[in-house]
Amino acid sequence: MTERSEGHEGMPSKHGMTERTERSEGHEGMPSQHSMTEDGQREIERMRRRIDELDEMIVGLLAERTAAVRVLTEHKTDEAAVRSPDRVRAVLARVEMLAERHGMPAQIARETYRALIEELTAMQLVRLARRRGTPV
C-alpha cells in the first residue's frame with residue numbers, strides 16, 4: 001500500500017517523501033527549519049491511528065451501502081434502471097450539500113462518490129446480466 005506523504009501545511013511534498021521539519025523564526029525573522037519535535041511526531045502518530053479508526057468505520061458503512069445496492073439491484077430489470085442518471089445527479093448533489101454541512105470540501109465528497117457510484121453501477125450491471133443469463 002502506498003501512503004501519500006504530506007509536506008508543509010498538509011500539502012503533499014513534491015517528491016512524495018515525508019518532510020519531518022517545521023518552520024520557526026530563525027535569523028533576522030526569516031523562517032528556518034529544524035527537526036520535528038517529539039510532541040509533533042507523537043501527534044502525527046496519534047492522528048494516523050485516528051484516521052485508521054475512521055477508515056474502519058467508513059469501510060464498514062461502504063459495505064452496508066454495497067449490500068443495500070445488491071438488494072436494490074434485484075428489483076431492477078434493465079440497464080436504464082441500473083444507470084439511473086437522474087438518481088446519480090441527485091445523490092451527488094446531496095453528497096455535496098452534506099460535505100459542506102460537515103465542513104468538508106464538496107469536490108472531495110463528490111469525486112469519491114462518483115467513483116463509488118461507477119463501481120457499484122458496474123457491479124449491478126454484472127448482477128443484472130447474470131440474472132438474465134447473458135454473458136458478462
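Before I turn to the pairs themselves, let me say that by a salt bridge I mean a side-chain nitrogen of Lys or Arg lying within 4 Å of a carboxyl oxygen of Asp or Glu. With that in place, R83 and E79 form a salt bridge, their closest N and O atoms being 2.6 Å apart. I should add at once that the model we are looking at is a predicted one, and that what I describe has been computed from it.

Staying with this pair for a moment, R83 and E79 both belong to helix 2 and are four residues apart there, which means that about one helical turn separates them. The general background is that an α-helix has 3.6 residues a turn, so residues three or four places apart point the same way. As for their surroundings, R83 counts as partly exposed at 42% relative accessibility, and E79 likewise counts as partly exposed, at 41%.

Let me now step back to the whole chain. There are four helices and two strands, and, when one reads along the sequence, they follow the pattern β-β-α-α-α-α. Of the 136 residues in the chain, buried residues make up 18%. If we take the contacts between residues at least 6 apart in sequence, 41% of them join residues at least 24 apart.

I would like to go next to helix 1, which runs over residues 38-73 and therefore contains 36 residues; at 1.5 Å a residue it should span 52 Å, and the C-alpha atoms at its ends are indeed 52 Å apart, in agreement with that expectation. Which residues of helix 1 are buried? They are G40, Q41, T66, V69 and T73, and the buried residues of this helix pack against helix 4, which covers 106-132.

Helix 1 also carries a salt bridge within itself, between R46 and E43, where the closest N and O atoms are 2.7 Å apart. These two residues are three apart in helix 1, so that about one helical turn lies between them. R46 is partly exposed, with a relative accessible area of 41%, and E43 is partly exposed as well, with a value of 36%.

That brings me to the packing of the helices. In general, two packed helices are described by the angle between their axes and the distance between the axes. For helix 1 and helix 4, the angle is about 35° and the axes are 10 Å apart, and the crossing is right-handed. On the side of helix 1 the contact is made by L62, R65, T66, V69, R70 and T73, while helix 4 contributes Y113, L116, L120, M123, Q124, R127 and R131. Sorted by character, the residues of this contact comprise six nonpolar, three polar and four charged.

One of the helix 4 residues in that contact, R127, also meets the side chain of E74 in a salt bridge, at 3.3 Å from N to O. Because E74 lies in the loop between helix 1 and helix 2 (79-83), whereas R127 is in helix 4, the pair ties together parts that are 53 residues apart in sequence. Both ends of this bridge are partly exposed, E74 with a relative accessible area of 39% and R127 with one of 29%.

The other packing I want to show is that of helix 3 with helix 4, where the angle is about 145° and the axes are 8 Å apart; this crossing, too, is right-handed. From helix 3, the residues V88, V91, L92, V95, E96, A99 and E100 meet A106, A109, R110, Y113, R114 and I117 of helix 4. The residues of this contact divide into nine nonpolar and four charged, with no polar residue among them.

In this region, which residues are linked in a network of salt bridges? The network is made up of E96, R110, E111 and R114, and in the structure as a whole there are eleven salt bridges.

A last detail concerns L98, which is found in helix 3, the helix of residues 85-101. L98 is partly exposed, with a relative accessible area of 22%, a value that stays above the 20% under which a residue would be called buried. Although L98 and A109 are eleven residues apart along the chain, their C-alpha atoms are separated by 8.7 Å.

Key:
Residues are numbered from 1 along each chain as its sequence is written. This is a predicted model: local features need pLDDT of at least 70, side-chain atom pairs count only at pLDDT 80 or more; totals for chains, interfaces and linings use all residues. Side-chain values use heavy atoms; hydrogens and water are left out. The expected span of a helix is 1.5 Å times one less than its number of residues. Buried means under 20% relative accessible area, exposed over 50%, partly exposed in between (1.4 Å probe, protein chains only). Contact means heavy atoms within 4.5 Å. Axes are lines fitted to C-alpha atoms, for helices over the stretch in contact, and angles run from 0 to 180 degrees between N-to-C directions. A crossing is left-handed if the near helix is turned anticlockwise from the far one by less than a right angle, and right-handed if clockwise. Ala, Val, Leu, Ile, Met, Phe, Trp, Tyr, Cys and Pro count as nonpolar, Asp, Glu, Lys and Arg as charged, and the others, Gly among them, as polar.
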